[in-house]
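I sat down with this one to go through its fold piece by piece. These are my notes in the order I made them.

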Amino acid sequence: MTAPAVTEAGALDLWLIRSPAPADAGPLDLTVLDEAERKRAASFIRPSDGITYTSAHIALRRLLGAYLGIPAREVAFLREPCPGCGKPHGRPAVTAPGPPLHFSLSHSHGMALVGVADRPVGVDVERHPRAGTVGVCTPALHPGEQDELDALPEEERPAAFGQLWTRKEAFLKGLGTGLSRGPSVDYLGPDPGRRPQGWTLLDIPCGPRHHGAAALAGGAPTTTRLRLLPAAALHHGGTADVRAGAREPA
């Protein structure tokens, strides 16, 4: 294994993982997953959903294993205390000792996004929403967000809502609360000056069918690297250092 990829304080690494189509999935390397992950992967009714989940969790383990310098199957996880109630269902974290290594994972309809940093981070990726979804969910948003969406032409609302929602989920995952903190509490709209203090929000390009966002505790990252994970990293015999074949997403 080579040295961790986060080589400077304050850097943010972002990884896109494109799931193979069911007909092209091939032998995904389930051996790196633990028993709970394998059971979850087998529980999906739609094959495409199972492949998205499996690809995302194999990629996460391969990435974190490379950062930590340990085999992917030996990466162990825990849950940090919830900032709201103190119970162990906050941000997921690794148990390995050493320099701080924070991560976040999100996946949706064939795409996954992983964020890795030396401070708390949250990421979210979502497939573009339908107009009906926007209509149902908008009343649950912050009043300022509702006003901004209502002011847009109807045909522009789905894209604006999709990007807004990924910012919101990324921020709540970074906090460690998830949606137990109501989506109406915090403003995550297009005006950076109205967003929560102490966090940096970034919109992440995730291809033509998905929106993406990252939330990083503190100021802007010193470096932001967005890379596409090689497909070979998901399969048996994939490279031990998943970063070796990484490339910028097209």
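What follows are my entries on confidence, the two sheets, the helices that pack on them, and a few single residues.

**Entry 1: how far to trust it**

I began with the confidence scores, since this is a predicted model. The average pLDDT for the protein is 90, and 90% of the residues score at least 70. I marked residues 1-7 as the stretch to be wary of, with pLDDT under 50 throughout. The model still gives those residues 21 contacts beyond four places in sequence.

**Entry 2: the four-stranded sheet**

In what order do the 4 strands of the open sheet run? I read the order as β4-β5-β1-β9, with mixed pairing. The edges are β4 (102-108) and β9 (224-228); each has a single partner strand, so one side of each has no neighbour in the sheet. From strand to neighbouring strand the turn averages 15°, ignoring direction.

Next I checked what packs on this sheet. Helix α2 does, touching β1, β4, β5 and β9, and its direction makes about 160° with that of β4.

I then followed β1 (residues 12-18) through its pairings. It runs antiparallel to β5 (residues 111-117), and 7 bridges join the two. Two of the residue pairs I wrote down were Trp-15 with Val-114 and Arg-18 with Met-111. With β9, β1 runs parallel, and 5 bridges join them. Leu-14 has Leu-226 as its bridge partner there. Is β1 mostly covered or mostly exposed? Mostly covered: 6 of its 7 residues are buried.

**Entry 3: helix α2**

I went back to α2, which covers residues 47-68 and so has 22 residues by the model's helix assignment. The distance from its first C-alpha to its last is 31 Å, close to the 32 Å expected at 1.5 Å a residue. Of the 22 residues in α2, 18 are buried, and I noted the helix as mostly covered. Gly-69 follows α2 and has a positive phi, near 75°.

**Entry 4: the three-stranded sheet**

The other sheet I looked up is open, has 3 strands in the order β6-β8-β7, and its pairing is antiparallel. β6 and β7 (199-205) are the edge strands, each pairing on one side only. The twist from one strand to the next averages 15°. Helix α5 packs on this sheet and touches β6, β7 and β8; I noted an angle of about 35° between its direction and that of β8.

How many bridges join β6 to β8? I found 7, between antiparallel strands, with β8 covering residues 210-217. Among the pairs are Asp-124 with Ala-213 and Gly-122 with Ala-215. Strand β6 covers residues 121-127, and 5 of its 7 residues are buried.

**Entry 5: helix α5**

I checked the length of α5 (residues 157-175) against expectation. Its 19 residues should span 27 Å at 1.5 Å a residue, and the end C-alpha atoms are indeed 27 Å apart. Why did I write it down as largely enclosed by the rest of the structure? Because 14 of its 19 residues are buried. Just after α5 comes Gly-176, with a positive phi of about 95°.

**Entry 6: the UniProt domain**

I pulled the UniProt record, an unreviewed entry. It lists residues 120-187 as "domain: 4'-phosphopantetheinyl transferase". In the model, the end C-alpha atoms of that span lie 19 Å apart, and the span is 50% helix and 10% strand.

**Entry 7: two loop residues**

His-109 caught my eye, as it has a positive phi of about 45° although it is not a glycine. I placed it in the loop between β4 and β5. Is His-109 buried, partly exposed or exposed? Its relative accessibility is 33%, so it counts as partly exposed, the band between the 20% and 50% cut-offs.

Last, I looked up Lys-87, in the loop between β2 (77-79) and β3 (92-94). Its relative accessible area is 53%, so Lys-87 counts as exposed, the cut-off being over 50%. Leaving aside neighbours within four places in sequence, I found Lys-87 in contact with Glu-80, Pro-81 and Cys-82.

Definitions and conventions:
Residues numbered from 1 in each chain as written. Predicted model: local features only at pLDDT ≥ 70, side-chain atom pairs only at ≥ 80, totals over all residues. Heavy atoms only, no water. Buried < 20%, exposed > 50% of the residue type's maximum accessible area, 1.4 Å probe, protein only. Pairing = 2+ DSSP bridges. Contact = heavy atoms within 4.5 Å. Expected span 1.5 Å × (residues − 1). pLDDT = per-residue confidence, 0-100. UniProt positions renumbered as here; feature names shortened; annotations may be inferred. Axes fitted to C-alpha atoms, helices over the stretch in contact; angles between N-to-C directions.
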